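Student: Could we practise reading charged residues together? I would like to learn how each label is earned.

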Amino acid sequence: MEFFCYHRDRPASAALRDELLEKHWSYMDGYAAEMIARGPTFAADGDTPTGSVHILDLPDAAAARAFAFDEPNYQAGVYRDVLLRRWRNLLGRTMWDFPGGRTGGERYLVLGFGSDRDAGLAVPSDRDELIAYGPLLSDDGATPVGTAVLLRAPDPDAARAVLPPHLYADVEVHDWQFGGRPS
């Protein structure tokens with residue numbers, strides 16, 4: 001089962017986040033085989049962290065909850081909340097398989113919430129810039145409740161355009177970058 005996890009930072013927690021960086025990476029190393037995508041989100045200044053995205057293939061919901069809530073930054077109070085949803089990998093690849101690589105261009109997380117129809121199940125025809133794409137699902141995996149996308153785009157407005165606004169009650173766009181230990 002695939003899960004989308006977005007830990008949102010608590011205001012003024014950047015120093016604590018920095019202090020825990022190695023613990024965070026070590027924790028994530030234990031999930032390397034299950035990782036589909038990962039990486040931090042940033043404020044408009046491009047430097048201030050605002051959250052941490054992890055998309056994983058895990059055995060069940062209990063394993064996903066353990067992943068989300070045992071994470072060192074969560075345990076220490078870096079995060080203010082956690083969005084944890086079932087997810088479906090419609091691209092069938094990991095971020096490391098993205099043909100555009102780790103660098104070059106701006107990267108974004110786009111979240112569409114409150115879909116009242118099956119909007120998240122059709123991959124856009126122009127998929128070359130998509131890093132990860134799939135529906136956010138109800139706990140039983142049967143009902144789409146939104147869409148989560150990681151992509152490369154020239155700016156936030158172009159990133160937002162990947163999700164038709166009339167299909168969602170709310171669309172969020174966050175600066176995002178590939179995560180993991182620097183190589």
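Student: Why is Asp-81 called partly exposed?

Tutor: Remember as we go that this is a predicted model. Asp-81 has 28% relative accessibility. Partly exposed is the label between under 20%, which is buried, and over 50%, which is exposed. The value of 28% falls in that middle range, so Asp-81 counts as partly exposed.

Student: And what makes Arg-80 count as exposed?

Tutor: Arg-80 has 51% relative accessibility. Exposed asks for over 50%, so Arg-80 earns the label.

Student: How do you know that Asp-81 and Arg-80 meet in a salt bridge?

Tutor: Look at the N to O distance between their side chains, which is 2.8 Å. The rule asks for a side-chain nitrogen of Lys or Arg within 4 Å of a carboxyl oxygen of Asp or Glu, so this pair qualifies. Both residues also belong to a network of salt bridges with Arg-8 and Glu-172.

Student: How many salt bridges does the rule give?

Tutor: The count comes to eight.

Student: What makes Arg-85 and Asp-139 a salt bridge?

Tutor: Their closest N and O atoms are 4.0 Å apart. The cut-off is within 4 Å, so the pair is counted. This pair links distant parts of the chain: Arg-85 sits in strand S4, while Asp-139 is in the loop between strands S6 and S7, 54 residues apart.

Student: Which labels do those two residues get for exposure?

Tutor: Arg-85, at 26%, lies between the two limits and therefore counts as partly exposed. Asp-139, at 65%, is over 50% and therefore counts as exposed.

Student: How do you know that Glu-129 forms a salt bridge with Arg-152?

Tutor: The closest N and O atoms of Glu-129 and Arg-152 are 2.4 Å apart, which is within 4 Å, so the rule is met. Here too the pair links distant parts of the chain, with Glu-129 in the loop between strands S5 and S6 and Arg-152 in strand S7, 23 residues apart. Glu-129 has 28% relative accessibility, so the label is partly exposed.

Student: Why does Arg-86 have no salt bridge?

Tutor: Arg-86 is in strand S4, and it is buried. The nearest side chain of opposite charge, Asp-140, is 6.3 Å away, and a salt bridge needs 4 Å or less, so none is counted.

Student: Which backbone oxygen lies 3.3 Å from a polar atom of the Arg-86 side chain?

Tutor: That is the backbone oxygen of Asp-139. Arg-86 is also in contact with several residues beyond its sequence neighbours, among them Met-1, Phe-3 and Leu-137.

Technical notes. Residues numbered from 1 in each chain as written. Predicted model: local features only at pLDDT ≥ 70, side-chain atom pairs only at ≥ 80, totals over all residues. Heavy atoms only, no water. Helix = DSSP H or I, 4+ residues; strand = E, 2+ residues; numbered from the N terminus. Buried < 20%, exposed > 50% of the residue type's maximum accessible area, 1.4 Å probe, protein only. Lys, Arg positive; Asp, Glu negative; His and termini not counted. Polar contact = N/O pair within 3.5 Å; in protein donor to acceptor, adjacent residues only side chain to side chain. Contact = heavy atoms within 4.5 Å. Lists of a residue's contacts leave out its neighbours within four places in sequence.
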